[in-house]
Amino acid sequence: MIIYNVTSNVHESIHDQWMIFMQHKHIPEILATGKFVSARLVRVLIEEEMGGVTYSVQYTTDSKETLERYYQEDGPRFRAEIEKLFGDKVLAFRTELQVISEH
């Protein structure tokens with residue numbers, strides 16, 4: 001099991017708009033690609049010196065190969081849409097996590 005984690009710092013001026021977009025459009029559309037089995041949106045509970053509010057979206061997929069297909073077939077379109085809508089008001093970085101065990 002692989003978790004594709006996207007951590008985003010969201011400027012206060014677009015926070016509410018971003019939250020609606022993520023919950024009602026972006027996350028459902030990424031799940032609709034069929035490449036992820038679940039997604040979780042969580043708030044990061046540390047205050048950033050640069051301000052804003054930080055969130056992490058964790059998308060769970062079955063394998064690294066499926067994640068690579070997402071990168072090739074879908075990722076650029078979703079990134080471009082966020083860039084177009086929010087520009088530099090959202091700063092994001094991505095990490096890949098491998099689930100070792102769950103208890």
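This briefing covers the sheet, helix α2, the salt bridges and one residue of strand β2. The model is a predicted one. Four strands form an open sheet with antiparallel pairing. Helix α2 packs on that sheet. A search of the whole structure turns up seven salt bridges.

**The sheet**

- The strand order is β2-β3-β1-β4.
- β2 and β4 stand at the edges with a single partner strand each, so one side of each has no neighbour in the sheet.
- On average, neighbouring strands are turned by 20° against each other, direction ignored.
- Nine bridges join β1 and β4, which pair in the antiparallel sense.
- Within this pairing, Tyr 4 has Glu 96 of β4 as its bridge partner.
- Helix α2 touches β1, β3 and β4 of the sheet, and its direction makes about 45° with that of β1.

**Helix α2**

- Helix α2 spans residues 64-73, and its buried residues are Thr 66, Leu 67 and Tyr 70.
- Seen down the helix axis, these buried residues fall within an arc of 100°, so they line one face of α2.
- A general rule fits here: an α-helix has 3.6 residues a turn, so residues three or four places apart point the same way.
- Glu 65 and Gln 72 are exposed on the other side of α2.
- The cover over the buried residues of α2 includes three strands: β1 (2-10), β3 (53-61) and β4 (90-98).
- Helices α1 (15-31) and α3 (75-86) are also part of that cover.

**Salt bridges of α2**

- Side chains of opposite charge can pair when their charged atoms come close.
- Glu 73 and Lys 35 form a salt bridge, with their closest N and O atoms 2.9 Å apart.
- Glu 73 belongs to helix α2 and Lys 35 to the loop between α1 and β2, so this pair ties together parts 38 residues apart in sequence.
- Lys 35 has a relative accessible area of 8%, under the 20% limit, so Lys 35 counts as buried.
- Glu 73 is partly exposed, with a relative accessible area of 47%.
- Another salt bridge joins the side chains of Glu 96 and Lys 64, at 2.5 Å from N to O.
- Glu 96 lies in strand β4 and Lys 64 in helix α2, so the pair links parts that are 32 residues apart in sequence.
- Glu 96 is partly exposed, at 36% relative accessible area.
- Lys 64 is partly exposed too, at 32%.

**A salt-bridge network**

- The side chains of Arg 77 and Asp 74 meet in a salt bridge, 3.2 Å from N to O.
- Arg 77 counts as partly exposed, at 49% relative accessibility.
- Asp 74 counts as buried, at 7%.
- Lys 35, Glu 73, Asp 74 and Arg 77 are joined into one network by salt bridges that share partners.

**Val 42 in strand β2**

- Val 42 is found in strand β2, which covers residues 38-43.
- This strand stands at an edge of the sheet.
- Val 42 counts as partly exposed, at 28% relative accessibility.
- Leaving aside residues up to four places away in sequence, Val 42 touches Tyr 55 and Ser 56.
- Val 42 and Arg 94 are 52 residues apart along the chain, and 15 Å separates their C-alpha atoms.

Notes: Residues are numbered from 1 along each chain as its sequence is written. This is a predicted model: local features need pLDDT of at least 70, side-chain atom pairs count only at pLDDT 80 or more; totals for chains, interfaces and linings use all residues. Side-chain values use heavy atoms; hydrogens and water are left out. Buried means under 20% relative accessible area, exposed over 50%, partly exposed in between (1.4 Å probe, protein chains only). Helices (H or I, at least four residues) and strands (E, at least two) are DSSP runs, numbered from the N terminus. The arc is that of the directions from the helix axis to the C-beta atoms. Contact means heavy atoms within 4.5 Å. A salt bridge is a side-chain nitrogen of Lys or Arg within 4 Å of a carboxyl oxygen of Asp or Glu. Two strands pair if DSSP finds at least two bridges between them. Axes are lines fitted to C-alpha atoms, for helices over the stretch in contact, and angles run from 0 to 180 degrees between N-to-C directions.
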